Amino acid sequence: MVSSGSHPPLTNEQVAASLEETADLLESQGANPFRVRAYRKAAGTIRGLRGSLERMFAAEGPEGLMRLPGIGRSLGQSIGHMLRTGRLPLLQRLRGEDAPERLFMTVADIGPKLAQRIHEELEIETLAELEAAAHDGRLAEVQGMGKKRLRAVRESLAGRFARQPRGVQPPSRQTDARSGGEDVPVAELLDIDQEYRRRAKQGSLPRIAPRRFNPTHEAWLPVLHTQRSDRHYTALFSNTARAHELAATRDWVVIYRDDHDDGQWTVITSRFGALGGRRVVRGREPECAAWYRDAAASDESATVSAAAAVSRREGGG
């Protein structure tokens with residue numbers, strides 16, 4: 001049986017309907033038309049199957065899904081995730097339903113109450129931040145996180161990120177399995193953050209009505225669908241309890257990589273140290289510091305070169 005036991009098996013129609021709803025919401029939120037068509041084509045393919053998609057996935061895994069017309073690697077992974085867990089993370093984000101607690105509950109031995117305590121006490125929102133907390137001592141201090149459970153969480157995250165547990169691989173190089181085994185550069189994430197905040201300020205982005213912390217059902221939350229090379233992203237302001245508590249709902253930007261279900265980063269304005277006042281990817285501050293240093297050096301070099309060019313022109317005149 002494919003399902004994890006926490007949800008009933010999904011029918012072909014249920015999977016197709018979720019893909020169609022994803023396509024409709026992507027279209028209404030201004031996403032790339034090619035992505036919209038891809039989801040609709042996949043929904044049509046699944047509706048046209050004679051046999052059970054669940055049974056095909058159980059027998060052949062993701063490779064079986066990717067042999068179907070119109071279903072490539074990215075969509076195959078997303079559909080496989082849905083068949084295993086009963087949820088399509090991208091669809092939840094598009095509906096305005098996503099929450100860090102739900103993400104943490106996908107990790108072994110973390111239930112609803114513990115997920116909520118982790119989010120509220122440690123002020124973290126992503127699996128990368130959860131992994132860091134699991135190894136720097138913070139997670140061990142959360143009530144209910146004993147040694148056995150902590151070990152299970154570490155092992156689950158090591159498998160999730162498709163890498164050896166820390167201590168085997170140097171922590172300075174954080175290979176991000178959420179990006180498909182390659183690092184997503186902080187420069188790319190900061191560029192998406194800049195695009196999102198600029199367009200949100202301009203009022204040029206569609207807005208959704210998040211279901212959490214929104215009793216009036218106001219469509220206040222701007223949403224950006226953007227692309228870098230072949231990587232698709234969604235960006236939104238953080239709509240978590242902690243962001244509301246700290247009045248950071250217009251500062252914290254959560255970036256999701258849509259073609260990898262676990263791809264998630266939070267960009268904030270740093271309040272401390274040499275990075276104070278700068279935008280940083282939480283959990284990747286050293287990389288951000290290095291990027292800012294390199295950018296400053298590049299700007300200085302460009303300024304010197306421009307000054308030298310002016311001097312040569314003036315001297316030659």
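pLDDT is the predictor's confidence in each residue, from 0 to 100. This is a predicted model, so to speak: local features need pLDDT of at least 70, side-chain atom pairs count only at pLDDT 80 or more, and totals for chains, interfaces and linings use all residues. Numbering starts from 1 along each chain as its sequence is written, and side-chain values rest on heavy atoms, with hydrogens and water left out.

Q: In which helix is confidence highest, and in which is it lowest?
A: As a baseline, the protein chain averages a pLDDT of 83, and 84% of its residues score at least 70. Helices (H or I, at least four residues) and strands (E, at least two) are DSSP runs numbered from the N terminus. The high end is helix H11 (residues 186–202), with a mean of 97, and the low end, at 74, is helix H13 (residues 285–316).

Q: Over which residues does pLDDT stay under 50 while the model has 40 contacts beyond four places in sequence?
A: A contact means heavy atoms within 4.5 Å. One low stretch is residues 1–5, where pLDDT stays under 50 and the model has ten contacts beyond four places in sequence. Where pLDDT is low, the predicted coordinates should not be read in detail. The stretch with 40 such contacts, also under 50, is residues 163–181.

Q: Which strands stand at the edges of the sheet?
A: The sheet is open, has six strands in the order E1-E2-E3-E4-E5-E6, and its pairing is antiparallel; two strands pair if DSSP finds at least two bridges between them. Each edge strand has a single partner strand, so one side of each is left without a neighbour in the sheet; the two are E1 and E6 (279–281).

Q: How many bridges join E2 to E3?
A: On one side, strand E2 (residues 221–228) pairs with E1 (residues 207–208) in the antiparallel sense over two bridges, with Leu-221 as the bridge partner of Ile-208. On the other side, E2 and strand E3 (residues 231–237) run antiparallel, and Thr-226 has Tyr-233 as its bridge partner. The number of bridges joining E2 to E3 is six.

Q: What is the phi of Ser-229?
A: Start with the setting: E2 and E3 form a hairpin with two residues between them, and Ser-229 is in the turn. At 60% relative accessibility, Ser-229 counts as exposed (buried is under 20% relative accessible area, exposed over 50%, partly exposed in between, with a 1.4 Å probe and protein chains only). Ser-229 is a residue other than glycine, yet its phi is positive, near 55°.

Q: Where does Asp-109 lie?
A: Asp-109 has a positive phi of about 70° although it is not a glycine. Its relative accessibility is 44%, so Asp-109 counts as partly exposed. Its place is the loop between helix H7 (100–104) and helix H8 (112–122).

Q: How many of the residues of E5 are buried?
A: E5 sits between two partners: E4 (residues 253–257) pairs with it antiparallel over five bridges, and three bridges join it to E6, also antiparallel. Across these pairings, Ile-255 stands opposite Trp-265, Val-267 has Val-281 as its bridge partner, and Ile-268 has Val-280. E5 is largely enclosed by the rest of the structure, because the buried count, out of seven residues, is six.

Q: Which element gives the largest share of the lining of the largest pocket?
A: On a 1 Å grid over the protein atoms alone, a pocket is an open set of points where a 1.4 Å probe fits, with protein on both sides within 12 Å along at least five of seven lines, and lining residues have an atom within 4 Å of a point. The largest pocket is lined by 21 residues, and those nearest its centre are Glu-123, Trp-252, Ile-268, Arg-271 and Arg-282. Helix H9 (127–136) and strand E5 (263–269) are the elements that give two or more residues to this lining. With three residues, the largest share comes from H9.

Q: Which residues does Glu-188 touch, not counting those up to four places away in sequence?
A: Glu-188 lies in helix H11. Its relative accessible area is 13%, so Glu-188 is buried. The residues it touches are Arg-228, Arg-231 and Tyr-233.

Q: How far apart in space are Gly-51 and Asn-12, C-alpha to C-alpha?
A: Gly-51 is in the loop between helix H2 (33–47) and helix H3 (53–60), and it counts as partly exposed at 42% relative accessibility. Gly-51 and Asn-12 are 39 residues apart in sequence, and in space their C-alpha separation is 8.7 Å.
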